[in-house]
Amino acid sequence: FQSDYAQTPLVAYKKDKVWTFLDSDGNVMFKAGGITEVGGYSEGLIGAQVVLDSSLRWVYFDTKGKIKIKTDAIQGVPFNEGMAVIFNPINPKEELYEFGYIDSTGKVLKDIQYTDALSFSEGLAYVMKKGERGYIDKTGKMVIPLEEGIVGYAFSEGLAAVSNDKFKVGYIDKSGNLKIPFRLDLPSNFNDGLARVADTVNGKIGYINHYGVRVINCIFDEAYDMSENRTTAGYYDLQQQMHWGLVDGKGQNVTDYRFEYAKSFKNGAAVVLYDDRWGYIDSTGNFLFSKNFDYADNFAKDGLAWVVDGNTMGFVDRKGNMKVKLPK
């Protein structure tokens, strides 16, 4: 997992049943055994599944390797806005789980009782259980109840996508008012004032603003959420091969569609596949550096990105230098 700030955990790897946690300089922070799964770092805590008293438990470590929070669940996700979703399987084959929340002090928000639950976003979280669904606040109070058949998504920029039993998508505000009617086909977050939408007839993707007005026409076969006034988008050619390029917040092409694949634009760069090799382009469409890789992931806020090149794997900086190399 990648962290947002220097000196916090950068990556964890397992060797000989022992997990080693490294910081962003590649120094060992701590080692720990008895871990069956590592679930990422956020807000000062590292989520992990461990064996305690002969049973699986989801816990949160601090950055020194001390268990700060023990839960009664066997799965969990990273903290967001001081809260984390924890859950237990009821019937994994049918993907049935029961969900709950825990805060950063270890206090459980009510019991594990929901059949669906999202992480908190802008102070609210969508939950569902028999006879009740909607958005709760951090006290567990239902503040935006939704009708039966309505499914909610995370809030972003003051709006949340909701879909009805006819699979049409609209957007509500934090008072529960329907701000954009149920006429869309793609639930998406707002970023930079824009959210992705899909054309009902051909499925092509465009973007709307907070008023539901389409400001970038539905012309792309694939596209990511807007970020930093940029996104990567793609078209299928006549042979059904996808070609990707970089696009700005007005829908104008920053590059041509030369890339075989692209990941989302994030933290000042996008990962692109060109001539079967992965590299990085900046907001102008120029490559950050000439070196390319067998595989590459996005840069995090700490300025490091995970890459694999032959037998070498680790994290590079924005000049392509290997800063933290992992053992084979």
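Which residues does D173 touch, not counting residues up to four places away in sequence? I started my notes there. This is a predicted model, so I'm logging what was computed from it and nothing else.

**Entry 1: D173**

I pulled the contact list for D173 and got I144, F155, G158, L159 and K179, with residues up to four places away in sequence left out. Then I checked where D173 sits: in the loop between β18 (169–172) and β19. Buried or exposed, I wondered about D173? D173 comes out at a relative accessible area of 15%, and since the cut-off for buried is under 20%, D173 counts as buried. I also looked up the spacing to A160. D173 and A160 are 13 residues apart in sequence, and their C-alpha atoms are 6.6 Å apart in space.

**Entry 2: the second largest pocket**

One of the D173 contacts, I144, turned up again in the lining of the second largest pocket. I noted the full lining: I144, P145, L146, E147, I150, V162, I172, G176, L178 and F182. How much space lies in this pocket? I have about 170 Å³ down for the second largest pocket. Sorting its lining by class gave me eight nonpolar residues, one polar and one charged. The charged one is E147, and the polar one is G176. Next I asked which strands supply at least two residues each of the lining. I found β15 (142–145) and β19 (178–184). β19 is also the strand that follows the loop holding D173.

**Entry 3: the β31–β32 hairpin**

I moved on to residues 312–316, strand β31, and residues 322–325, strand β32. The two pair in the antiparallel sense, over three bridges. Going across the pair, I found G314 opposite K325 in β32. The hairpin has five residues between the strands, and there G320 takes a positive phi near 90 degrees.

**Entry 4: the whole protein**

I finished by zooming out. How many helices and strands does the protein have? I counted zero helices and 32 strands. The radius of gyration is 22 Å, close to the 20 Å that the globule rule gives for 328 residues, so I put the protein down as being as compact as a globular protein of that length. Along the principal axes, the C-alpha trace spans about 60 × 55 × 35 Å. Of the 328 residues, 47% count as buried, and D173 is one of the buried ones. For contacts with a separation of 6 or more, I noted that 28% come from residues 24 or more positions apart.

Methods
Residues numbered from 1 in each chain as written. Predicted model: local features only at pLDDT ≥ 70, side-chain atom pairs only at ≥ 80, totals over all residues. Heavy atoms only, no water. 1 Å grid on protein atoms, 1.4 Å probe; cavity = no way out; pocket = protein on both sides within 12 Å on 5 of 7 lines; lining within 4 Å. Points joined across faces, edges and corners; volume = space filled by probe spheres on them. Helix = DSSP H or I, 4+ residues; strand = E, 2+ residues; numbered from the N terminus. Pairing = 2+ DSSP bridges. Rg over C-alpha atoms; globule rule 2.2 N^0.38 Å. Buried < 20%, exposed > 50% of the residue type's maximum accessible area, 1.4 Å probe, protein only. Contact = heavy atoms within 4.5 Å.
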